[in-house]
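Got the viewer open? Let's take a walk through this one together, picking one thing after another to select.

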Amino acid sequence: MSSSRIALPCPSRRLFLRGLAGACAVAAVAPRRLLAGLREERILSFVHTHTRERLTVPYFADGAYLPDGLASLKAFLRDHRTGDEHEIDPSLFDLLNDLRLATGSKSPFQVISGYRSPRTNTMLREHGGGVAKGSLHLQGRAIDVRLADFGTAALRDAAIELQRGGVGYYRGPDFVHVDTGRVRRW
Ligand SMILES: [Zn+2]
């Protein structure tokens, strides 16, 4: 089997975890598995705690992001207070997909907050509540979620383990903030 394996450099464990060097993930598997990986379809399921809307959508297939899927997600994750939409960083969806795989959850992600418009962010800041001025929610790079079938503290631990961005744990309202900014935690 070893002769059929594909040797590709693995720059670092960090890059491997970030998925930037996806080749590393398949370096030790046979070409048939590699092809299966490229045909991989990534599907996410959500239920929004404010709008009560549900969405199950494939957003990646055959090695590429799906414009229709990303458009559905963009609308779903709009600022529910103002209706404003914003592009969402696709790597945020990959982060959620990997989180789903890491937890083994069969539940949809319950969304507390996705995109947040400047107007909403200012309003929330004026009412307190630990909302950051430069929140990555404003850039479509953050989401607050929980899972019905997986403890929120354990979800935080799984997110920290991924080392893919910021992870914030909010015990009272019971959700985890994840974003695609630099790796940090609070
Ligand atoms: Zn957040």
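## Stop one: the end of a helix

Find Q163, which comes just after helix 7 and takes a positive phi of about 55°. Keep in mind as you go that this is a predicted model. Q163 sits in the loop that links helix 7 (152–162) to strand 6 (166–170). A positive phi here belongs to a residue other than glycine. How buried or exposed is Q163? With a relative accessible area of 25%, Q163 is partly exposed, because buried means under 20% and exposed means over 50%.

Now step back into helix 7 itself and select T152, L155, A158, A159, I160 and L162: these are buried. While you have the helix on screen, colour R156 and Y169 too. The charged end of R156 sits over the ring of Y169, 4.6 Å from the ring's centre.

## Stop two: another positive phi

Jump to D62 for a second residue other than glycine with a positive phi, this one near 50°. You'll find D62 in the loop between strand 2 (54–61) and strand 3 (64–65). D62 counts as exposed, with 60% relative accessibility.

## Stop three: rings and an arginine

Stay in this part of the chain and show the side chains of Y59, F60, Y65 and F93, which form one aromatic cluster. The structure holds six aromatic pairs. Start with Y59 and Y65: their ring centres are 6.2 Å apart and their planes meet at 25°, so this pair is stacked. Next, compare F60 and Y65, with centres 5.1 Å apart and planes at 80°, so that pair is edge-to-face.

Which of these rings are buried, and which are partly exposed? Y59 is buried, with a relative accessible area of 0%. F60 counts as buried too, at 8%. Y65 is partly exposed, at 33%.

Now add R42 to the selection. What does R42 lie over? The answer is the face of F60, with R42 at 3.6 Å from the ring centre. R42 belongs to strand 1 (residues 42–48). Charged or not, R42 counts as buried, at 17% relative accessibility. Its side chain makes a polar contact with the side chain of E40, at 3.3 Å. For the wider surroundings, leave out neighbours within four places in sequence and select what R42 is in contact with: V57, P58, Y59, F60, Y65, D94 and N97.

## Stop four: the nonpolar core

Time to go inside. As background, nonpolar side chains tend to be buried together in soluble globular proteins. Here the largest nonpolar core has 30 residues, and those touching the most other members are F46, L96, L99, F109, I143 and V178.

Pick F46 and look around. Not counting residues up to four places away in sequence, F46 touches E53, R54, L55, L73, F76, L96, P108, F109, V111 and I143.

From F46, hop across to L96, which is found in helix 5 (residues 90–103). L96 counts as buried, with 0% relative accessibility. Which residues does L96 touch, not counting those up to four places away in sequence? They are L44, F46, F109, I143, V145 and V178. Try putting a distance label between the C-alpha atoms of L96 and I143: they are 9.3 Å apart in space, while 47 residues separate them in sequence.

## Last stop: the zinc ion

Finish by selecting the zinc ion and its protein donors, H137 (NE2), D144 (OD) and H177 (ND1), which lie 2.0 Å from it. Along the chain, the donors follow the spacing H-x6-D-x32-H. D144 lies in strand 5 (residues 142–147) and H177 lies in strand 7 (residues 175–179), so this pair ties together parts that are 33 residues apart in sequence.

Before you close the viewer, check how these two donors sit relative to the surface. D144 counts as buried, at 4% relative accessibility. H177 is buried as well, with a relative accessible area of 7%.

How values were computed
Residues are numbered from 1 along each chain as its sequence is written. This is a predicted model: local features need pLDDT of at least 70, side-chain atom pairs count only at pLDDT 80 or more; totals for chains, interfaces and linings use all residues. Side-chain values use heavy atoms; hydrogens and water are left out. Helices (H or I, at least four residues) and strands (E, at least two) are DSSP runs, numbered from the N terminus. Buried means under 20% relative accessible area, exposed over 50%, partly exposed in between (1.4 Å probe, protein chains only). A polar contact is a pair of N or O atoms within 3.5 Å; within protein, one must be able to donate a hydrogen and the other to accept it, and residues adjacent in sequence count only if both atoms are side-chain atoms. Contact means heavy atoms within 4.5 Å. A nonpolar core is a set of buried Ala, Val, Leu, Ile, Met, Phe, Trp, Tyr and Cys residues joined through side-chain atoms within 4.5 Å. Rings of Phe, Tyr and Trp (its six-membered ring) pair if their centres lie within 6.5 Å; planes under 30 degrees apart count as stacked, over 60 as edge-to-face and the rest as tilted. A charge sits over a ring if NZ of Lys or CZ of Arg is within 6 Å of the ring centre and within 35 degrees of the ring normal. Donors are N, O and S atoms within 2.8 Å of the metal (3.2 Å for Na, K and Ca); water is not among the atoms, so sites may look incomplete.
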